[in-house]
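Trainee: Before I accept the words used for a protein model, I would like to hear how each of them is justified. Could we go through some of them together?

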Amino acid sequence: MGRLVVVGGGIAGLAAAWAARAAARRVPGGLDILVLERGEDVGGKARTISRDGWLVEAGPTGFLSGGAEMDRLVAASGLAAEILPANAAAARRFIYHGGRMRRVAANPLGLVRSGLLSSQGMLRLLAEVVIPRRRDSSDESIWDFAARRLGAEAADRLVAPMTLGVFAGDAHRLSLVASFPTMATLERDHGSLIRGLLARRGRMQSGTLTTFVGGIQELPRALAARGGFRVSCHAEVNRIARVRLGWEISVGGDGTTITADAIILAADSAAAASLLREHSGPLAADLAAIHCPPVGVVALGYGPEGRKRIPTGFGVLIARGEGFRMLGNLWDSHLYPGRCPDGHVLIRAMYGGGVDPQAGTLTPGELATLARAEVARLYGIEAAPCFEQVVQWPRAIPQYELGHSARVTRIDEMTAALPGMFITGSALHGVAFPAAAAHGVQTGERVVEWLSARPADWHW
Ligand SMILES: Cc1cc2nc3c(=O)[nH]c(=O)nc-3n(C[C@H](O)[C@H](O)[C@H](O)COP(=O)(O)OP(=O)(O)OC[C@H]3O[C@@H](n4cnc5c(N)ncnc54)[C@H](O)[C@@H]3O)c2cc1C
C-alpha cells in the first residue's frame with residue numbers, strides 16, 4: 001500500500017487529504033493517508049474561540065460561497081445543515097476617511113454623497129471607460145493600476161483601504177495580477193473595468209459571505225473527523241530526507257520517522273522553505289521570499305452602550321494617515337447570529353499586516369490597550385469592554401508582492417523536479433480560505449494521478 005503524508009492540518013492540507021482519499025481507489029494497492037499537524041487542533045488560521053457566550057473568529061470571518069471545491073468539501077463533511085450565510089447587513093461597508101466614517105456606495109452618486117470621492121475624483125473614475133488598455137506586460141502594483149485606470153484619488157481613498165481589508169496589505173507593493181487577477185482580466189478582455197463589469201453583468205460570480213453555526217473551524221474539524229484519513233496533532237515535521245523508495249519524515253524531537261511515497265507540504269511557506277532547503281536551495285529561497293507579516297486581532301465585546309454606537313454593517317476600513325493604527329474593524333455580531341450574549345455587540349480590531357509589520361512586536365496587553373483606546377475614540381464609547389480576546393498571528397496573510405506570479409511559476413517547476421513532492425496552501429495561488437481549500441483539493445487529486453502513473457519499480 002502506498003502512503004501519502006500531508007504536512008499541515010489547515011484547510012489546504014485537510015482538503016488535499018480528503019481529495020486524495022476520494023480518488024485513492026485509483027492507486028494500485030491502495031493509499032494510506034496521514035496528516036501531521038504541529039498544533040493542538042486542526043484548522044490552522046481557521047480557529048474559532050468559544051467562551052462565556054461569545055464566539056470569536058481568530059482568523060477568517062467566513063468564505064465566499066459558490067466555489068465547486070468548497071461545495072464538495074462541505075457536503076463531504078456533513079455540514080450542509082450547519083451553513084450560516086451572513087445577514088444582509090454585510091452589504092453595508094464603510095471606509096474612514098477625512099475624519100469620518102463613509103459608506104462605500106455601489107453607485108457613483110452615492111460615492112460622491114458619502115464624501116469618499118470628490119466630484120472631480122468621481123469624474124476621473126468614470127473616465128476609466130476611455131483610458132486605453134495597458135500594452136506593457138510587466139508586473140504592476142495594485143496602486144499603480146488603480147491610479148492609471150481610476151485616478152489617484154480613487155486609488156488612495158477606495159482601492160488602498162480595500163487592499164487593507166483583503167490582504168492587510170500595502171497597495172503600493174502588491175501585484176495586481178497576482179492579488180486581483182479578475183481586475184487584470186477585465187482590462188485585458190474588455191479594455192476597461194467599467195465596460196467589462198457591464199458586459200459581464202449577471203455572469204460575475206461574487207458569492208455570499210458564509211460560515212457555519214459553530215464558526216469556521218467546524219469545517220476543518222469535520223473533515224478531520226469524517227474525511228477517511230488519519231490525523232496526528234502535536235506532530236511537528238522538522239526534517240524530510242530522501243530514501244530509496246520515497247521520503248522519510250522526522251516528527252517531533254524524539255527520533256520518530258515515517259516513510260512516505262508522496263508528501264504534500266501544506267504548512268506555511270517559511271516551514272516549507274526550511275524543510276526543502278537541503279533538497280533545493282533555489283526552491284527554498286523562493287518560498288522563503290514570500291513576505292508574510294504579522295497580524296494582531298483584538299476582539300472586544302460591549303454592552304448596550306457600545307451596541308448603540310456601532311453602526312449596522314460589515315465593518316470599517318481605516319485609510320492610512322487618519323491617526324489610527326488599526327487597519328479596521330469587523331462588526332461580527334451584525335454579520336452572524338449567536339456571536340455574543342443578547343443585547344451586546346462583538347467587534348474585532350485588526351492591526352499589522354504589510355503596512356505596519358512593527359505591530360507584531362506589541363505584547364498582547366499593549367495590543368488590547370491600544371485597541372480599547374482606538375475603538376473608544378472611533379465610536380465615542382465611554383464604557384469599558386465586557387469581553388476581550390487577543391490573537392496574534394506572527395505570520396498571517398501572505399503578501400503577493402510584485403514578482404509573485406513569476407516566483408510561483410518557478411516554485412511549481414522546481415517542486416515538480418522532486419518526485420512525490422507537492423506544495424499547497426495560501427502562500428501560492430490565492431490567499432482566501434476557499435482558494436486554499438480549492439488548491440488543496442486539486443493538489444490531492446494530482447498526487448493520486450502521480451502515484452497511479454508511477455512505475456511499480458520506481459525508486460530514486
Ligand atoms: C486574521 C486573518 C483573517 C482572515 N480572514 C479571512 C476571511 O475573512 N476570508 C477568507 O477567505 N480568508 C481569510 N483569511 C485567510 C485564510 O485564513 C487562509 O487562506 C487559510 O486559512 C489558509 O489555510 P492554509 O491551510 O493554507 O494555511 P494554515 O491555516 O496556516 O495551515 C497551515 C498549518 O500547517 C501547520 N504547520 C506549519 N508548520 C508545520 C510543521 N513543520 N509540521 C506540521 N504542521 C505544520 C500549522 O500549524 C497550520 O495548522 C484570513 C487570515 C487571517 C490570518
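What follows is a conversation about the terms used for this predicted model.

Trainee: Why is E445 called partly exposed?

Mentor: E445, which lies in helix 18, has a relative accessible area of 29%. Buried means under 20% and exposed means over 50%, so E445 with its 29% falls in between and is called partly exposed.

Trainee: How far is E445 from G191, in sequence and in space?

Mentor: The two residues are 254 residues apart in sequence, and their C-alpha atoms are 36 Å apart in space.

Trainee: What makes the side chains of strand 19 alternate?

Mentor: In strand 19, which covers residues 387-393, the side chains of F387, Q389, V391 and W393 point to one face and are buried, whereas those of E388, V390 and Q392 point to the other face and are not buried. For strand 9 the picture is as follows: L209 and T211 point one way, T210 and F212 point the other way, and all are buried.

Trainee: How do you know that strand 15 and strand 19 pair?

Mentor: Two strands count as paired if at least two bridges are found between them, and strand 15 (residues 295-302) and strand 19 have 7 bridges, in the antiparallel sense, so they meet that condition. One of the partnerships is that of G301 with F387 in strand 19.

Trainee: What holds paired strands of a sheet together in general?

Mentor: Strands of a sheet pair through backbone hydrogen bonds, and the pairing can be either parallel or antiparallel.

Trainee: Why are strand 5 and strand 6 called edge strands?

Mentor: The open sheet in question has 3 strands in the order 5-9-6, with antiparallel pairing. Strand 5 (63-64) and strand 6 (83-85) are its edge strands, each pairing on one side only. Strand 5 is joined to strand 9 (residues 209-212) by 2 bridges, and at least two are needed for a pair, so the condition is just met. In that pairing L64 has L209 as its bridge partner, while F63 stands opposite T210. Strand 6 and strand 9 pair over 3 bridges, also antiparallel, and P85 has T210 as its bridge partner.

Trainee: Which strands form the open sheet with the order 11-12-13, and how do they pair?

Mentor: Its 3 strands pair in the antiparallel sense, and the edge strands are strand 11 (237-243) and strand 13 (256-260). Neighbouring strands of this sheet are turned by 25 degrees against each other on average, with direction ignored. Strand 11 and strand 12 (residues 246-251) pair over 6 bridges, and R239 has S250 in strand 12 as its bridge partner.

Trainee: What makes the approach of K45 to the ligand a polar contact?

Mentor: A polar contact is a pair of N or O atoms within 3.5 Å. A backbone N or O atom of K45 lies 2.8 Å from an oxygen atom of the ligand, so the pair is within the cut-off. The cut-off is also met by a polar backbone atom of G62, 2.9 Å from a nitrogen atom of the ligand, and by one of V431, 2.5 Å from an oxygen atom of the ligand. The protein covers 89% of the 1,000 Å² of accessible area that the ligand has on its own.

Trainee: Which residues make up the shell around the ligand, by class?

Mentor: The shell has 20 nonpolar, 10 polar and 4 charged residues, and helix 18 gives the most to it, with 3 residues.

How values were computed: Residues are numbered from 1 along each chain as its sequence is written. This is a predicted model: local features need pLDDT of at least 70, side-chain atom pairs count only at pLDDT 80 or more; totals for chains, interfaces and linings use all residues. Side-chain values use heavy atoms; hydrogens and water are left out. Buried means under 20% relative accessible area, exposed over 50%, partly exposed in between (1.4 Å probe, protein chains only). Helices (H or I, at least four residues) and strands (E, at least two) are DSSP runs, numbered from the N terminus. A polar contact is a pair of N or O atoms within 3.5 Å; within protein, one must be able to donate a hydrogen and the other to accept it, and residues adjacent in sequence count only if both atoms are side-chain atoms. Accessible areas come from the Shrake-Rupley method with a 1.4 Å probe; for residues, only the protein chains shown count as cover. Ala, Val, Leu, Ile, Met, Phe, Trp, Tyr, Cys and Pro count as nonpolar, Asp, Glu, Lys and Arg as charged, and the others, Gly among them, as polar. Axes are lines fitted to C-alpha atoms, for helices over the stretch in contact, and angles run from 0 to 180 degrees between N-to-C directions.
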